[in-house]
Amino acid sequence: MSKHRSGDFLERILGGPALWTGLAIMTLFAMGPFLWAFSASLKTRAELYATPITYIPALPTFQNYVEAWTSRLTPFSRFFANSLWVSSVTMVATIVISTSAGYALARFRFVGKNTLMLVFLATQMFPAVLLIPPLLSQWYALGLIDTYQALIYSNFSFTVPFTVWMLVGYFESIPRELEESAMMDGSSRFGAMLRIIVPLAAPGIAATAIFAFVSSWSELLFATTFTSSTEMRTLSAGLLYMAGQYEVQWGQLSAGVMISTVPVAILFTFLQKHLIKGLTAGAMKG
Amino acid sequence: MPVPRGFISRGTRETLANYAYLLPAAICLGGTVLFPILKAIHMSLYQNVLSRPQDYHFIGLGNYLRMIHDPTFWLTLKNSFIWVVCSVSIQFVLGFLGALLLNAGFKGRTFLRTLNLLPWIIPGVVVGLVWEYLYQPNYGPINDILRRVGLLRVPIAWLSEPNSAMASVIFTNIWRGIPFFTIMILAGLQAIPDKLYEAATVDGASVTQRFRHVTLPMLRPIIIVATATRIIWTFNYADLIFVMTGGGPANATQITSSYTLLSAYTDLDFGYAATLSVILLVIMLVFTAFYLKVTKGVESVSE
């Protein structure tokens with residue numbers, strides 16, 4: 001009996017004070033670095049290099065954002081546009097390619113289908129550095145250095161395998177009878193896929209779309225290796241370039257950090273439910 | 001499909017049409033994964049330093065022999081091991097705790113979950129640069145806070161001291177990876193039927209007993225998948241190291257994948273970089289084969 005009561009006590013502690021303390025510490029730890037970068041991005045130059053350092057800007061200003069956005073050496077407006085273009089095109093193309101392949105793998109019987117699925121899964125385990133020397137020489141030979149195409153094609157190497165793999169699961173969970181009855185009514189297979197299956201798989205497709213967009217947005221190594229001019233840099237490559245300057249401008253850099261973070265944070269906030277479902281469904285399937 | 005009738009049978013035509021759905025993905029992966037990998041293996045067999053094009057010639061396994069005799073390679077392998085084991089184990093423990101906290105029913109859970117998952121979604125270069133700033137000896141808040149609470153007298157240049165550099169990049173990597181485990185384990189926790197807990201409570205099981213005999217066994221499959229995925233990812237990705245320390249000081253934070261980048265970017269030695277990356281691939285394939293064997297075991301246990 002006394003043992004039972006001690007269990008209750010532990011349960012109450014775990015459900016009350018311990019829970020709230022734990023949540024507070026965890027959230028502070030996760031958010032602290034963002035809060036610091038946000039605070040620094042609003043500081044004046046004098047305050048950034050003042051001792052002792054301050055945590056809340058005395059005279060908040062958007063000067064760093066204006067300077068980063070319009071800078072001629074590191075034009076974040078241009079980087080932003082580049083990132084947006086590369087990520088959007090990668091996302092749309094990935095969805096088209098993967099929906100088609102995912103549908104086929106879910107519906108048709110192929111020789112070596114399981115092997116193919118395993119290859120898609122294994123591709124994720126390949127180190128990105130493995131692709132850098134060969135892709136660089138390949139894009140160089142094709143005259144694609146310093147073009148959007150080189151970045152978009154290279155991004156397919158990690159977006160396509162994962163999204164195909166995720167979508168196969170989604171399509172398999174949709175009953176075959178749905179498109180079979182449409183095909184009975186005279187629709188072609190492709191038409192049935194577009195009109196019936198794609199809308200039903202929309203949450204899964206949305207999840208893979210966000211995955212493709214966010215991972216392209218974050219991509220760094222391809223973007224620094226396959227571009228050389230300032231006008232072609234993405235946000236990630238531009239930030240790295242800025243940090244490599246002779247004197248690091250922490251204010252502008254923090255503004256650049258916020259500019260790079262906010263779009264993916266917003267996307268993630270609105271669509272996290274789908275993304276998490278897609279990611280974990282894959283993992284739970286094993 | 002404009003294929004003449006009678007020339008190819010209906011069944012074959014259908015099969016061909018089916019393969020057409022796979023064609024775009026096949027072209028993509030052929031051009032950006034398969035061909036480059038073969039090309040990397042090919043490159044690894046040549047002396048290929050971009051700054052000395054006149055020296056380009058076939059050297060067979062010369063680069064691999066050089067690697068075996070390269071003490072830096074062995075150092076990076078050891079560093080990779082430390083980097084992976086420390087990062088993933090602590091990410092796992094803290095991510096698990098986070099999932100347990102977020103699994104409790106309370107108001108505003110979705111909001112807190114979003115905040116806690118953000119470190120995982122933001123670009124690696126952002127993580128690296130923000131933490132470089134946090135660690136900065138003169139203007140960074142970490143030294144400032146440690147000094148204010150009296151734990152530190154003289155500021156430490158966390159990323160440029162050989163003794164603290166590795167621990168510092170690992171700490172950042174942990175911060176970044178916790179949410180991954182939180183998401184995975186949270187999904188696993190939410191998939192456990194309440195009935196199991198109720199039954200255990202009726203049988204008089206305490207909180208700790210329920211955790212050990214219900215929660216842990218139910219989470220086993222997802223824990224194995226999540227940990228393996230994270231180990232592979234951590235081993236392969238050197239973006240934080242690349243941004244924060246470049247592998248320095250004196251290779252103290254150099255892991256094998258950042259060493260590969262260094263060989264390509266700084267030494268312009270593409271033959272050697274390709275060799276190192278092929279070895280990375282081999283290590284990962286061995287690990288993956290092992291992992292698939294283990295997960296097959298999990299499946300047969302859970303069935």
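How many Å separate the centres of domain 1 of chain A and domain 2 of chain A, taken over C-alpha atoms? I looked this up first and got 33 Å. I note at the outset that the model is predicted.

**Entry: domains of chain A**

I took the bounds from the domain assignment: domain 1 of chain A covers 2-61, and domain 2 of chain A covers 64-285. I then listed the contact between them. Domain 1 of chain A puts in 7 residues, and domain 2 of chain A puts in 8 residues. On the domain 1 side, I asked which elements give two or more residues. They are α2 (17-41) and α3 (45-48) of chain A. α2(A) gives the most, with 4 residues. I sorted that side by class and found 4 nonpolar, 1 polar and 2 charged residues.

**Entry: domains of chain B**

I repeated the lookup for chain B. Here domain 1 is 10-57 and domain 2 is 68-302. Their centres, over C-alpha atoms, are 32 Å apart. The contact draws 10 residues from domain 1 of chain B and 8 residues from domain 2 of chain B. On the domain 1 side, α1 (10-43) and β1 (46-47) of chain B each supply at least two residues. The largest share there is 3 residues, and it comes from α1(B). By class I count 6 nonpolar, 4 polar and no charged residues on that side of domain 1 of chain B.

**Entry: overall form of chain B**

I tallied the secondary structure next. Chain B has 12 helices and 2 strands. Read from the N terminus, the order is α-β-β-α-α-α-α-α-α-α-α-α-α-α. Why do I call chain B more spread out than a compact globule? Its radius of gyration is 25 Å, well over the 19 Å that the globule rule gives for 303 residues, so the chain is more spread out than such a globule. I also fitted a box along the principal axes, and the C-alpha atoms of chain B fill roughly 70 × 70 × 35 Å.

Burial came next. Of the 303 residues in chain B, 40% are buried. I then checked the sequence range of the contacts. Taking contacts in chain B between residues at least 6 apart in sequence, 66% join residues at least 24 apart.

**Entry: the A–B interface**

I counted both sides. In chain A, 75 residues are in contact with 69 residues of chain B. Which helix supplies the largest share of the chain A side? It is helix α14 (residues 250-285) of chain A, with 15 residues. By class, the chain A side holds 55 nonpolar, 19 polar and 1 charged residues. For the complex, I noted the predictor's ipTM of 0.87 and pTM of 0.88.

**Entry: helix α11 of chain A**

I ran a length check on helix α11 (residues 202-218) of chain A. At 1.5 Å a residue, its 17 residues should span 24 Å, and its end C-alpha atoms are 24 Å apart, so the two agree. Then I asked whether α11(A) is enclosed or open to the outside, and looked at burial. In α11(A), 14 of the 17 residues are buried, so this helix is largely enclosed by the rest of the structure.

**Entry: A:F80**

I picked one residue for a closer look. A:F80 is in helix α5 of chain A. Is A:F80 buried or exposed? It has 19 other C-beta atoms within 10 Å, and being buried takes 20 or more, so A:F80 is partly exposed. I set aside neighbours within four places in sequence and listed the contacts of A:F80, which are A:L235 and A:I259. I also took the separation to A:F213. The C-alpha atoms of A:F80 and A:F213 are 14 Å apart, with these positions 133 residues apart along the chain.

**Entry: confidence**

I closed with pLDDT. Chain A averages 86, and 91% of its residues score at least 70. In chain A, the lowest element is helix α1 (residues 2-15), at a mean of 58. The highest is helix α5 (residues 76-107) of chain A, at 94, and A:F80 sits in α5 of chain A. Over residues 1-6 of chain A, pLDDT stays under 50. For that stretch the model has 1 contact beyond four places in sequence.

For chain B the mean pLDDT is 88, and 95% of its residues reach 70 or more. Confidence in chain B is lowest in helix α12 (residues 270-302), at a mean of 81. It is highest in helix α3 (residues 71-103) of chain B, at 95.

Notes: Residues numbered from 1 in each chain as written. Chains lettered and ligands numbered in written order. Predicted model: local features only at pLDDT ≥ 70, side-chain atom pairs only at ≥ 80, totals over all residues. Rg over C-alpha atoms; globule rule 2.2 N^0.38 Å. Buried ≥ 20, exposed ≤ 12 C-beta atoms within 10 Å, placed from the backbone. Contact = placed C-beta atoms within 7 Å. Domains from an automatic or database assignment. Nonpolar A, V, L, I, M, F, W, Y, C, P; charged D, E, K, R; others polar. Expected span 1.5 Å × (residues − 1). pLDDT = per-residue confidence, 0-100.
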